[in-house]
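Visitor: I have a structure open and would like to go through it. Can you take my questions as they come?

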Amino acid sequence: MATYQAPDGWDALGDSTRRAIVACLAERPRAVGELADELPVSRPAVSQHLKILKDAGLVTDQAAGTRRVYRLNPAGVAALRDQLDTFWRRALGSYQDIVEEPTEETP
């Protein structure tokens, strides 16, 4: 039996609807209704996706009257960027090591 674990940012971004929500929030903070108006999913579905993004640390929310306004969490996005930068540094470093290895010349 699998135990529940909060999704990490990469898992959360594995869904195209959540990626679309993140793209919308990158433009500006929005309420659930505003996001639902721009996406081909219902408000309850947007709310469920936002919960996953929030649990992954990619989104924060704040009460604004009777609405909740969602925005990207800079710390969560920065953590993903750091992981990606680390991955690319390692990959490029390994590539450089291979390229710089001396090759055997055939007579």
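Guide: What follows goes from the overall fold to the sheet and then to single residues; the model is a predicted one.

Visitor: How many helices and strands are in the protein chain?

Guide: The protein chain has 5 helices and 3 strands.

Visitor: And in what order do the elements run from the N terminus?

Guide: The order is α-α-β-α-α-β-β-α.

Visitor: What is the radius of gyration of the protein chain, and what would a compact globule of 107 residues have?

Guide: The protein chain has 20 Å, whereas a compact globule of 107 residues would be near 13 Å. The C-alpha trace spans about 80 × 40 × 25 Å along its principal axes.

Visitor: What share of the residues is buried?

Guide: Buried residues are 29% of the 107 in the protein chain.

Visitor: What about the surface: how much area is exposed, and what part of it comes from carbon and sulfur?

Guide: About 7800 Å² is exposed, and carbon and sulfur atoms supply 54% of that area.

Visitor: How many positive and negative side chains are there, and how far apart are the centres of the two sets?

Guide: There are 13 positive and 16 negative side chains in the protein chain. The centres of the two sets are 15 Å apart.

Visitor: Back to the fold. How much of the contacts with a separation of 6 or more comes from residues 24 or more positions apart?

Guide: Such pairs account for 49% of those contacts in the protein chain.

Visitor: Now the sheet. What is the strand order, and is the pairing parallel or antiparallel?

Guide: The sheet is open, has 3 strands in the order β1-β3-β2, and pairs in the antiparallel sense. β1 (30–31) and β2 (59–64) are at the edges with a single partner strand each, so one side of each has no neighbour in the sheet.

Visitor: How many bridges join β2 to β3?

Guide: 6 bridges join these two antiparallel strands. Asp61 has Tyr70 of β3 opposite, and Ala63 has Arg68 of β3 as its bridge partner.

Visitor: What does the turn of that hairpin look like?

Guide: There are 2 residues between the strands β2 and β3, and Gly65 in this hairpin has a positive phi near 70°.

Visitor: And over how many bridges do β1 and β3 pair?

Guide: β1 pairs with β3 (residues 67–72) over 2 bridges, again antiparallel. Ala31 is the residue that faces Val69 of β3.

Visitor: Where is Pro29 found?

Guide: Pro29 sits in the loop that runs between α2 (16–27) and β1. Leaving out residues up to four places away in sequence, Pro29 touches Val69, Tyr70 and Arg71.

Visitor: Why does Pro29 count as partly exposed?

Guide: Pro29 has a relative accessibility of 31%, and partly exposed covers values between the cut-offs of under 20% for buried and over 50% for exposed.

Visitor: How far is Pro29 from Thr60 in space?

Guide: The C-alpha atoms of Pro29 and Thr60 are 9.7 Å apart, with their positions 31 residues apart in sequence.

Visitor: Arg28 next. Where does Arg28 lie, then?

Guide: Arg28 is also in the loop between α2 and β1. Arg28 is partly exposed at 39% relative accessible area.

Visitor: Which residues does Arg28 touch, not counting those up to four places away in sequence?

Guide: Arg28 touches Glu34 and Glu38. Arg28 and Asp8 are 23 Å apart from C-alpha to C-alpha, at 20 residues apart in sequence.

Visitor: Thr17, now: buried or exposed?

Guide: Thr17 is buried, with a relative accessible area of 19%. Thr17 is part of helix α2 and touches Val41 and His49, residues up to four places away in sequence not being counted.

Visitor: Last one. Which helix holds Leu84?

Guide: Leu84 belongs to helix α5 (residues 74–100). Leu84 has a relative accessible area of 38% and is partly exposed. Between the C-alpha atoms of Leu84 and Val59 the separation is 19 Å, with the two residues 25 apart along the chain.

Notes: Residues numbered from 1 in each chain as written. Heavy atoms only, no water. Helix = DSSP H or I, 4+ residues; strand = E, 2+ residues; numbered from the N terminus. Rg over C-alpha atoms; globule rule 2.2 N^0.38 Å. Buried < 20%, exposed > 50% of the residue type's maximum accessible area, 1.4 Å probe, protein only. Contact = heavy atoms within 4.5 Å. Areas by Shrake-Rupley, 256 points an atom, 1.4 Å probe, with all protein chains shown as cover. Lys, Arg positive; Asp, Glu negative; His and termini not counted. Charge placed at Lys NZ, Arg CZ, Asp CG, Glu CD. Pairing = 2+ DSSP bridges.
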